[in-house]
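Got the viewer open and a selection box ready? Here is a walk through the model, one stop at a time.

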Amino acid sequence: MSRAENLVTTDWANDNLNTAGLVFVEVDEDTSAYDGGHLPGAVKISWRDDLRDAVKNDFIDKAGLEKLFSEKGIAVDDTIVLYGGNNNWFAAYAYWFFTLYGHEKIVLIDGGRKKWELDGRPLTTDTVTRPATTYTAKDADLSIRAFRDDTVAAIGTKNLIDVRSPGEFAGQLGAPAHLPQENAQRRGHVPGAINIPWSKAANEDGTFKSDAELTELYADAGFDDSKESIAYCRIGERSSHTWFVLSELLGKKNVKNYDGSWLEYGTLIGVPIELGEPAK
């Protein structure tokens, strides 16, 4: 994997808005952002309402994804062009989830909605509808998903990458500073985890930093190329962004996203927890 396969520029996106076989999809942290203006022709997927099971605390299952994609007019052979706000935070979450269920053609717009707006490109509030399809998903690929037992077993043996802010890592905050401080029953981090906040992978305009800069970022924090890796955050969305960087841009092998993340880990009975500032 490389950025040539998984990233497109805003110029490319602008030139291909009407290209057959491409489906532009916006996924935002702020699920109302799309309604205020979106790329021409783009459809909306809400991470909260569309990707999460309405009853069980989990993602929608394979049948749920098939129903969603069919209703959105996405076919198996289509290329999904994902973008969203806040440096593609939740767009990367969707990228990871769609990859989990085997959709093979997905790209992110580098810089996402932020770069599009900085470029001064148009947004529209037009309603977008596409002809329904009959989508068939693959079984979930669990090689890219970690669960709580995987994470506990990884202590001292794998790269555990905590991508939250230093304050959350240290146990001073329960969530990102701009969000309500709802959290697990305990604060802190998984013992042995290294702290590499997800946002450090992005430039000011929301685009990803260069491969050389990203490689240096992880190496300086203690990332060990010889080990398998698990990334986590609070609910698995910021760690999806880091999974994308490691797996899809830098081509690291055996990288998993622990989407249960701290909201689950910090509530488990008896698991080890550490407090304290990240190592300098």
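Start with helix H9 and colour it by burial: Arg-238, Ser-239, Ser-240, His-241, Thr-242, Trp-243, Phe-244, Val-245, Leu-246, Ser-247, Glu-248 and Leu-249 are buried. Keep in mind as you go that this is a predicted model. Twelve of the twelve residues of H9 are buried, so the rest of the structure largely encloses this helix. Put a distance label between its end C-alphas and you get 16 Å, close to the 16 Å expected for its twelve residues at 1.5 Å a residue. Step just past the end of H9 and click Gly-251, which has a positive phi of about 70°.

**Next selection: H4, residues 85-100**

Leave H9 on screen and add H4, a helix of 16 residues. From first C-alpha to last, H4 reaches 22 Å, close to the 22 Å expected at 1.5 Å a residue. Where does H4 bend? Go to Ala-92: the bend there is about 25°. H4 is largely enclosed by the rest of the structure too, since 14 of its 16 residues are buried. Just beyond H4, pick Gly-102 and check its backbone, where phi is positive at about 85°.

**H4 against H9**

Two packed helices are described by the angle between their axes and the distance between the axes. For H4 and H9, the angle is about 70° and the axes are 7 Å apart. That angle falls in the 65 to 115 degree range, so H4 and H9 count as roughly perpendicular to each other. Turn the view until one helix sits in front of the other, and you are looking at a left-handed crossing.

Now show side chains at the contact. On the H4 side, select Asn-87, Asn-88, Trp-89, Ala-92, Tyr-93, Tyr-95, Trp-96 and Thr-99. Their partners in H9 are Arg-238, Ser-240, His-241, Trp-243, Phe-244 and Glu-248. Notice that Ala-92, where H4 bends, is on the list of residues that meet H9.

**H9's other partner: H8, residues 211-220**

Hide H4 and bring in H8. Here the packing angle with H9 is about 120°, and the axes are 12 Å apart. H8 also passes H9 in a left-handed crossing. Which residues meet here? From H8, pick Asp-211, Leu-214 and Tyr-218; from H9, pick Thr-242, Val-245, Leu-246 and Leu-249.

Carry on past H8 into the loop that leads to strand S9 (229-232), and stop at Asp-224. Asp-224 is partly exposed, with a relative accessible area of 27%. Draw a line from its C-alpha to that of Asn-159: the two are 65 residues apart along the chain, yet the line is 6.6 Å long.

**Back to Asn-88, by way of Gly-112**

Bring H4 back and select Gly-112, which lies in helix H5 (residues 112-118). Is Gly-112 buried or exposed? Buried: its relative accessible area is 1%. Gly-112 and Asn-88 are separated by 24 residues in sequence but by 5.4 Å in space, C-alpha to C-alpha. Apart from neighbours within four places in sequence, Gly-112 contacts Tyr-83, Gly-84 and Asn-88. So Asn-88 is worth a second click, because besides touching Gly-112 it is one of the H4 residues that meet H9.

**Two phi values to check**

Most residues other than glycine have a negative phi, and most peptide bonds are trans. With that in mind, go to Asn-254, in the loop between H9 and strand S10 (255-258). Asn-254 is not a glycine, but its phi is positive, at about 55°. Ser-261, in helix H10 (residues 261-265), also has a positive phi, about 45°. Ser-261 is buried, with a relative accessible area of 0%.

**Last stops: Thr-151 and Gly-64**

Select Thr-151 in helix H6 (residues 148-154). Thr-151 is buried, at 0% relative accessible area. Expand the selection to its contacts, leaving out neighbours within four places in sequence, and you pick up Ala-146, Leu-160, Val-190, Ile-230, Tyr-258 and Tyr-265. Take Tyr-258 from that set: it is 107 residues from Thr-151 in sequence and 7.5 Å away, C-alpha to C-alpha.

Finish at Gly-64 in helix H3 (residues 62-72). With 21% relative accessibility, Gly-64 counts as partly exposed, given that buried means under 20%. Its C-alpha is 8.4 Å from that of Asp-53, eleven residues away in sequence.

Note on methods:
Residues are numbered from 1 along each chain as its sequence is written. This is a predicted model: local features need pLDDT of at least 70, side-chain atom pairs count only at pLDDT 80 or more; totals for chains, interfaces and linings use all residues. Side-chain values use heavy atoms; hydrogens and water are left out. Helices (H or I, at least four residues) and strands (E, at least two) are DSSP runs, numbered from the N terminus. The expected span of a helix is 1.5 Å times one less than its number of residues. The bend at a residue is the angle between axes fitted to the seven residues ending there and the seven starting there. Buried means under 20% relative accessible area, exposed over 50%, partly exposed in between (1.4 Å probe, protein chains only). Axes are lines fitted to C-alpha atoms, for helices over the stretch in contact, and angles run from 0 to 180 degrees between N-to-C directions. Angles under 35 degrees count as roughly parallel, over 145 as roughly antiparallel, 65 to 115 as roughly perpendicular and the rest as oblique. A crossing is left-handed if the near helix is turned anticlockwise from the far one by less than a right angle, and right-handed if clockwise. Contact means heavy atoms within 4.5 Å.
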